[in-house]
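Biologist: Please put the structure up. I want to know what stands behind each label you use.

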Amino acid sequence: MPESPAPPKQPVATRREKFRAYMKNFNPTAPARDAIGSGLVLEDLHNSLSRSLAARADLEPGSQQLLVGGIGSGKTTELLLAEKWLGKQASTLPLFIDITAETDLSGLNTGALLAAFGLHLGRRFYGTLEAESSAEDPSEVGNACRRIKEFAFGRAESAVEKVLREAREASAQLKGYVPGRLRPPIPALQRQFQDIAEPLGMLVGAFREYSWEVVVILDGLDRLITLDKFWAVVEPDLRALRELRVSVLAAAPISILYESGKSISEHFDRVHHLAALTAEPGKARELKAVLAQRGGAEMLGPLEAARICMASGGVLRDLVTVARDAGEEAYVSGSDRIRIQDVGRAIQQLGTAYLRGLGPGQVQALLNLNKTGSFDLGSPINMELLVTRRVLEYSPTDFRVHPALLPLITKPEARIA
Amino acid sequence: MPEFIARPAYQIARGLEVRGTDAWFVVLRPAENPEVALQDFQDELLVYLNAPVRIIDATSASVADLRQQLRTRPDNAVVLVGLDGWNQDSWTSLDINRDGMVRAGALIFWLSPAGVLGLCQYAPNIRSFVGGSIFELGPDEGVMSEGERQRRLEALAEHYQLSNEQVIQMAQAETLPPEPEFVEWLVLLGRGDLL
């Protein structure tokens, strides 16, 4: 058997481990809760926004606030920070629910928010206040939990119930309905909501008996990027929560801020806007701090860091993505450190992804914005460019083309669908 | 129109490996012999990740089915195929349910140019997760020129301070570190049999 040489020393493990550690810190798809737990998040990046959200929810039971921002702006992180702050307050129970991770909202699933809220609340009740499980508890709270589970997951219907239900439905069809002259401004809650409101009220009341106020934090609703879908899903459920005097913090799509979205935003006590951060050279203090917090200085020189900040356009996920991708470029190409050409390739890739799928009309709209600075959100094309992040908003009047995309559309050969 | 960077399968696999968990990629598959290319790609991932790689066909799956399949064995890497024929409604539904697809194991969308277009047009939340990680599947080492092969071997030898012979000896003695570069090294030496 040939003599085996000693395993390679430092340089082997060091390079790979160094890159792996860097990639772990710059993972834009890692759960935000993990990033917070690992100390990778700057908690005061947005002027204490999370604390402002949380404090109002805590002080004003039944208040409803929206956190609005473009895709990748850091809404989940802010909501988790609000949860963390609320968790430190005496007698406040924050319930964080990523609703799209739990149920499919694409079919306009009204009642889903209440069902998820009830399930979380029931679990928390038996996890913190009572030792036994809801399945064995004969009390009113146990019964409420069972009714919530039935609402959420359905249940077998007895023969008698089936006959009664069918008779009720047939009767309703025979009777018909003649609408009145005055349409109520807020329609009455449907029967299904009445079914869940009572057990939810029972559970919320049980917490109040222990002096706990519940705050529900609903993440994921911003995936419903079109206003009609968003409102169809949230309106009846949030109205029921308001009647229960449960405070709500919810993520919402950026289109809420503009045009027809404004009428929806009026239903909320407060709408917080998470705008893109300043990315201009020399002013990107916050973005540089984000890179530093994640240990970017280990692999990035000042020039590379500045280039990443600028190309991100102030979108936090894009910042982390470009930093990560530049690291991967460097690793795959055999370099020990991230070079400016690695950053350039990562930016080019991100820009190309933004470019793909744009038609001539959309490219023209982007060129117009770049040339004139004006951006009419009454145009459906412009609204789509905003919600898909090809256009970034820095203030209600300051819109700009995503800087990773801009150089690609100003090249004539890019102006093809 | 600017194109996505082309990377051979082994480079995509190395990228996945160094990222660790929660990696989302899009691979722009070749138009010719996609089934063979998919098999080769899966083999390459198996070598580099040293872990199971599942292929999930989404051709006739509902979003709920996909969520369920992705949540089963969430540490495995998954190559998601069959999305090329999805229409706007299907992409939109998948996009709304993005968080239901979040998993520790890698998620690779295996798409044609039409599929990439669908994702970029109708699934902005998924595209945001993918970022710039969209790569055209490029030619593998089989078409690497002899000069390129030699240069890569020299770079590896210089970096690790080892000769080709030492690497072969270490592989035979099963003392080779589990670094992906050593897999590449043996393949470049034509000694994939030692893996």
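Modeller: This is a predicted model. Take the lining of the largest pocket: α2 (32-37), α4 (75-87), β2 (92-98), α5 (99-102) and α14 of chain A each supply at least two residues, and so does α6 (124-130) of chain B.

Biologist: Which element gives the largest share of that lining?

Modeller: α4(A), with six residues. The whole lining counts 44 residues. Ala30(A), Pro31(A), Ala32(A), Thr76(A) and Thr77(A) lie nearest the pocket's centre. The pocket's volume is about 870 Å³.

Biologist: How do the lining residues of the largest pocket divide by class?

Modeller: Into 20 nonpolar, 11 polar and 13 charged.

Biologist: What makes a space a cavity and not a pocket?

Modeller: A 1.4 Å probe fits inside a cavity but cannot get out, whereas a pocket is open. The structure holds four cavities of 30 Å³ or more. The largest cavity has a volume of about 70 Å³.

Biologist: Which residues line the largest cavity?

Modeller: From chain A, Gly69(A), Gly70(A), Ile71(A), Lys75(A), Asp222(A), Ile225(A), Pro253(A), Ile254(A) and Val387(A); from chain B, Asn125(B). By class that gives five nonpolar, three polar and two charged residues.

Biologist: Now the helices. Why are α12(A) and α14(A) called oblique?

Modeller: Helix α12 (residues 285-293) and helix α14 (residues 316-332) of chain A pack at about 50°. Roughly parallel needs an angle under 35 degrees, and roughly perpendicular runs from 65 to 115. The value of about 50° fits neither class, so α12(A) and α14(A) are oblique. Their axes are 11 Å apart, and the crossing is right-handed.

Biologist: What makes the contact of α12(A) with α14(A) nonpolar or charged in class?

Modeller: Look at the residues. α12(A) brings Leu287(A), Val290(A) and Leu291(A), and α14(A) brings Leu316(A), Leu319(A) and Ala323(A). Leu, Val and Ala count as nonpolar. The tally is therefore six nonpolar, no polar and no charged residues.

Biologist: How do you know that α12(A) and α13(A) are oblique?

Modeller: α12(A) and helix α13 (residues 302-312) of chain A pack at about 120°, with axes 10 Å apart. The roughly perpendicular range ends at 115, and roughly antiparallel means over 145. About 120° falls between those limits, so this pair is oblique. The crossing of α12(A) past α13(A) is right-handed.

Biologist: Which residues meet there?

Modeller: Leu287(A), Lys288(A) and Leu291(A) in α12(A) meet Ala305(A), Ala306(A), Cys309(A) and Ser312(A) in α13(A). They divide into five nonpolar, one polar and one charged.

Biologist: On to chain B. What makes α1(B) oblique to α2(B)?

Modeller: The axes of helix α1 (residues 9-19) and helix α2 (residues 34-49) of chain B cross at roughly 40° and come within 9 Å. Parallel would need under 35 degrees and perpendicular at least 65, so α1(B) is oblique to α2(B). The crossing is right-handed. The contact includes Tyr10(B) and Leu16(B) of α1(B), and Phe41(B) and Tyr48(B) of α2(B). By class it has nine nonpolar, no polar and three charged residues.

Biologist: Why single out Ser211(A)?

Modeller: Most residues other than glycine have a negative phi. Ser211(A) is not a glycine, yet its phi is positive, about 70°. Ser211(A) sits in the loop between α9 (191-209) and β3 (213-219) of chain A. Glu174(B) also has a positive phi, near 55°. Its place is the loop between α8 (164-172) and α9 (180-188) of chain B.

Note on methods
Residues are numbered from 1 along each chain as its sequence is written. Chains are lettered from A and ligands numbered from 1 in the order in which they are written. This is a predicted model: local features need pLDDT of at least 70, side-chain atom pairs count only at pLDDT 80 or more; totals for chains, interfaces and linings use all residues. Side-chain values use heavy atoms; hydrogens and water are left out. Axes are lines fitted to C-alpha atoms, for helices over the stretch in contact, and angles run from 0 to 180 degrees between N-to-C directions. Helices (H or I, at least four residues) and strands (E, at least two) are DSSP runs, numbered from the N terminus. A crossing is left-handed if the near helix is turned anticlockwise from the far one by less than a right angle, and right-handed if clockwise. Contact means heavy atoms within 4.5 Å. On a 1 Å grid over the protein atoms alone, a cavity is a set of points where a 1.4 Å probe fits but cannot get out, and a pocket is an open set with protein on both sides within 12 Å along at least five of seven lines; lining residues have an atom within 4 Å of a point. Grid points are joined across faces, edges and corners, and a volume is the space filled by probe spheres set on the points.
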